[in-house]
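Subject: Structure for you to look at, with notes

Dear colleague,

I am passing on the structure we spoke about, and below it you will find my notes on what came out of going through it. Please read them with the structure open beside you.

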Amino acid sequence: MTKAIDVDVERDRDLTVPPESYFLPATDVYETEEALVLLAEMPGVAPDGLDVTVEDTVLVIRGDPATAADDEGDVLLKEFEVGPFYRAFQLPADYDTENIEASLGQGVLTLRLPKSERLKPRRIEVKAE
Amino acid sequence: MAIRAWVPSAEPFAQLQREMNRLFDSVFGKHFASGRLRSAYVYPATNVRETADAYIVTCEVPGLAMDDLEVYVARDQLTLSGVREDGIPQEGATLHRRERDSGRFSRAINLPGPVQGDATEAALTHGVLTVRIPKAEEAKPKRVQVEVQQ
């Protein structure tokens, strides 16, 4: 019996390099007074298959679907393929990349980047003469 | 028998783009065209497979919980409907990028043969819905053991 060659995936995987073939997750981005929020659709991806990295001002998200390739039986209709998701975003400066909050629920990644104090709107006191 | 997706005539450009993508992929290979945005022109994007005793339907429904989804089987038709919420606050949010769709949806999928609708099982994992619909007994392939007389 021949065994598949073991590849140390964790070690060989450089996250800043995109996989050979990948899908771009559909993403919404909105801004509030407090933060920038990204919502990225990555159906089939479980939390342990997700990687989010920030290097300087480049945010990279990558997700590998947990769902096994559905190859049971004969294909009658095929509208989507299962494969890795990958996308890189250039972030504006002045975001607090140390305190990014990430959560993944039902295949949607939510990333919340708090604004640095300098970017938050503030009220300027006007003194009466 | 293959199931054909119904293409709404109001979206000829989406279909044209799909056709172009497919042509591009077939000429240059998938790697060249990597990094495609999943733009389903019908929602949800659905795969259907057939085994000896069931039809297996998988749909990409990221962001939906089981409570947001209605799954019905009537005769040999599967119907999926629900509402997609975008999760973006109504007030105090400035949109920079909008690629996800939201709103009410409904889709019907005709299965090629009779099924046992009341034995349908559905599971939702990480935004992928899997519906398993057993075939009706009369539609399953029969295997009869034949005694061979010496």
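In this predicted model, β3(B) and strand β9 of chain B, the latter covering residues 128–134, pair in the antiparallel sense over seven bridges. Within that pairing, B:Cys59 stands opposite B:Leu129 of β9(B). β9(B) is also joined by five bridges to strand β8 of chain B, residues 121–125, and these two strands likewise run antiparallel; here B:Ala122 has B:Val131 as its bridge partner. The hairpin that β8(B) and β9(B) form has two residues between the strands, and in it B:His126 takes a positive phi near 50°, which you may wish to look at on the display. As general background, strands of a sheet pair through backbone hydrogen bonds, in either a parallel or an antiparallel sense.

Turning to chain A, the model has one helix and nine strands there, and along the sequence the helix is followed by the strands, in the pattern α-β-β-β-β-β-β-β-β-β. Of the 129 residues in chain A, 24% are buried. Among the contacts in chain A with a separation of 6 or more, 57% are between residues 24 or more positions apart. One pairing inside this chain is that of strand β3 (residues 35–41) with strand β9 (residues 108–114), which run antiparallel and are joined by seven bridges; in it, A:Leu36 stands opposite A:Leu113 of β9(A).

Those two strands of chain A also belong to an open sheet of five strands, whose order is β8(A)-β9(A)-β3(A)-β2(A)-β6(B), with antiparallel pairing, so far as the order shows a strand of chain B included with those of chain A. At its edges are β8 of chain A (101–105) and β6 of chain B, each of which pairs on one side only. On average, and with direction ignored, neighbouring strands of this sheet are turned by 20° against each other.

The two chains also meet through strand β6 of chain A, residues 74–78, which is joined by four bridges to β2(B), the two running antiparallel. In that pairing A:Leu77 stands opposite B:Val48 of β2(B).

How many residues of each chain are in contact with the other? On the side of chain B there are 43, and they are in contact with 35 residues of chain A. The elements of chain B that give two or more residues to this side are β1 (36–37), β2 (46–50), β3 (54–60) and β6 (94–97), and the largest share, five residues, comes from β2(B). Sorted by class, the side of chain B that touches chain A has 17 nonpolar, 15 polar and 11 charged residues.

Lastly, a note on a single position, B:Ser106, which is in strand β7 (residues 103–110) of chain B. Is this residue, B:Ser106, buried or exposed? B:Ser106 counts as exposed, because it has 10 C-beta neighbours inside 10 Å, and the cut-off for exposed is 12 or fewer. If its neighbours within four places in sequence are left aside, B:Ser106 is in contact with B:Thr79 and B:Ser81. B:Ala52, by contrast, is 54 residues apart from B:Ser106 along the chain, and the C-alpha atoms of the two are separated by 28 Å.

With best wishes

Methods:
Residues numbered from 1 in each chain as written. Chains lettered and ligands numbered in written order. Predicted model: local features only at pLDDT ≥ 70, side-chain atom pairs only at ≥ 80, totals over all residues. Buried ≥ 20, exposed ≤ 12 C-beta atoms within 10 Å, placed from the backbone. Contact = placed C-beta atoms within 7 Å. Nonpolar A, V, L, I, M, F, W, Y, C, P; charged D, E, K, R; others polar. Pairing = 2+ DSSP bridges. Axes fitted to C-alpha atoms, helices over the stretch in contact; angles between N-to-C directions.
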